[in-house]
Amino acid sequence: MELLVLLFQIVILGASIFFLYSREVRLRDIYSKLPSESEIIELESEMREILYELKDSLRRVKTLESDEELKVEHLEKEGEKYTGFDIENILPKTLEQNGVYDDVVELFNRGMSEFEICRKLSLPKGKVDLILNLEKLKKEFKGGF
């Protein structure tokens, strides 16, 4: 009887060890896919930079809008026609206008990894990922229509 109880305890202990080991393997797999602390800091820095650029662009647009309102009032008093302002000059350039977009896509199509593209073009990983994801979405939309 004691032998049967001892055997049962050994089986339960073995099953528990197997369960804990398989759970540890799954957790290690999950943790290995998480970004490192340095990657998180780099992304945070990129996000702050983008936020600063957006705030600056918004400030410039608001300044131009108020300047334009004054111009419209002045022109209307003078009896002249208002033609509007060119907002293209104040907005940040798109990735395509900077030439970065095409370079990233071309290097990726040549078989370079994202990491190699980052190093070659001196770009943050987040920007390269964004460009490649945008290109992937473009292809999906073109294929869908």
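1. A salt bridge here is a side-chain nitrogen of Lys or Arg within 4 Å of a carboxyl oxygen of Asp or Glu. Glu-44 and Arg-48 meet that, with their closest N and O atoms 2.8 Å apart. Keep in mind as you read on that this is a predicted model. The two partners sit four residues apart in helix H2, so about one helical turn separates them. An α-helix has 3.6 residues a turn, so residues three or four places apart point the same way. As for exposure, Glu-44 counts as partly exposed at 38% relative accessibility, while Arg-48 counts as exposed at 56%.

2. H2 has another pair worth a look. Arg-59 forms a salt bridge with Asp-56, and here the closest N and O atoms are 2.5 Å apart. The spacing is three residues within helix H2, which again comes to about one helical turn. Arg-59 is partly exposed, at 47% relative accessibility. For the whole structure, the search finds seven salt bridges.

3. Now the overall layout. The secondary structure comes to six helices and zero strands, and reading along the sequence gives the pattern α-α-α-α-α-α. Of the 145 residues in the protein, 14% are buried. The protein exposes about 12500 Å², with carbon and sulfur atoms supplying 61% of that area. On contacts: taking those between residues at least 6 apart in sequence, 53% join residues at least 24 apart.

4. Where is the largest nonpolar core? It has 11 residues in all: Val-100, Tyr-101, Val-104, Val-105, Leu-107, Ile-117, Cys-118, Leu-123, Val-128, Ile-131 and Leu-132. H4, H5 and H6 each supply at least two residues of this core, and H4 gives the most, with five.

5. Helix H4 deserves its own point. Spanning residues 100–109, H4 has Val-100, Tyr-101, Val-104, Val-105 and Leu-107 as its buried residues. These cover an arc of only 165° around the axis, so they lie on the same side of H4. After H4 comes Gly-111, with a positive phi near 105°.

6. If you want one residue to click on in the core, I'd pick Val-104. Which residues does Val-104 touch, leaving aside those up to four places away in sequence? The list is Ile-117, Leu-121, Leu-123, Val-128, Ile-131 and Leu-132. Among these, Ile-117, Leu-123, Val-128, Ile-131 and Leu-132 are also listed in the largest nonpolar core.

7. Next, the loop between helix H5 (114–121) and helix H6 (125–144), which is where Ser-122 is placed. Most residues other than glycine have a negative phi. Ser-122 has a positive one, near 55°, and is not a glycine. Ser-122 is also exposed, because its relative accessible area is 65% and the exposed class starts at over 50%. I'd give the backbone there a second look on screen.

8. Helix H6 has a salt bridge of its own, between Asp-129 and Lys-125, whose closest N and O atoms are 2.9 Å apart. Both residues lie in helix H6, four residues apart, about one turn of the helix. Are these two buried or partly exposed? Asp-129 is partly exposed at a relative accessible area of 21%, given that buried means under 20%. Lys-125 is partly exposed too, at 37%. The pair also belongs to a wider arrangement: Glu-114, Lys-125 and Asp-129 are linked in a network of salt bridges.

9. Last point, on the surface. Leu-27, Ile-30, Tyr-31 and Leu-34 form a nonpolar patch there, with about 410 Å² of accessible area together. Leu-34 is placed in the loop between helix H1 (2–33) and helix H2 (37–78). With a relative accessible area of 49%, Leu-34 is partly exposed, because the exposed class needs over 50%.

How values were computed: Residues are numbered from 1 along each chain as its sequence is written. This is a predicted model: local features need pLDDT of at least 70, side-chain atom pairs count only at pLDDT 80 or more; totals for chains, interfaces and linings use all residues. Side-chain values use heavy atoms; hydrogens and water are left out. Buried means under 20% relative accessible area, exposed over 50%, partly exposed in between (1.4 Å probe, protein chains only). The arc is that of the directions from the helix axis to the C-beta atoms. Patches are made of residues with over 30% relative accessible area and no salt bridge: like charges are joined within 9 Å, nonpolar side chains (Val, Leu, Ile, Met, Phe, Trp, Tyr) within 5 Å. Accessible areas come from the Shrake-Rupley method with a 1.4 Å probe; for residues, only the protein chains shown count as cover. Contact means heavy atoms within 4.5 Å. A nonpolar core is a set of buried Ala, Val, Leu, Ile, Met, Phe, Trp, Tyr and Cys residues joined through side-chain atoms within 4.5 Å.
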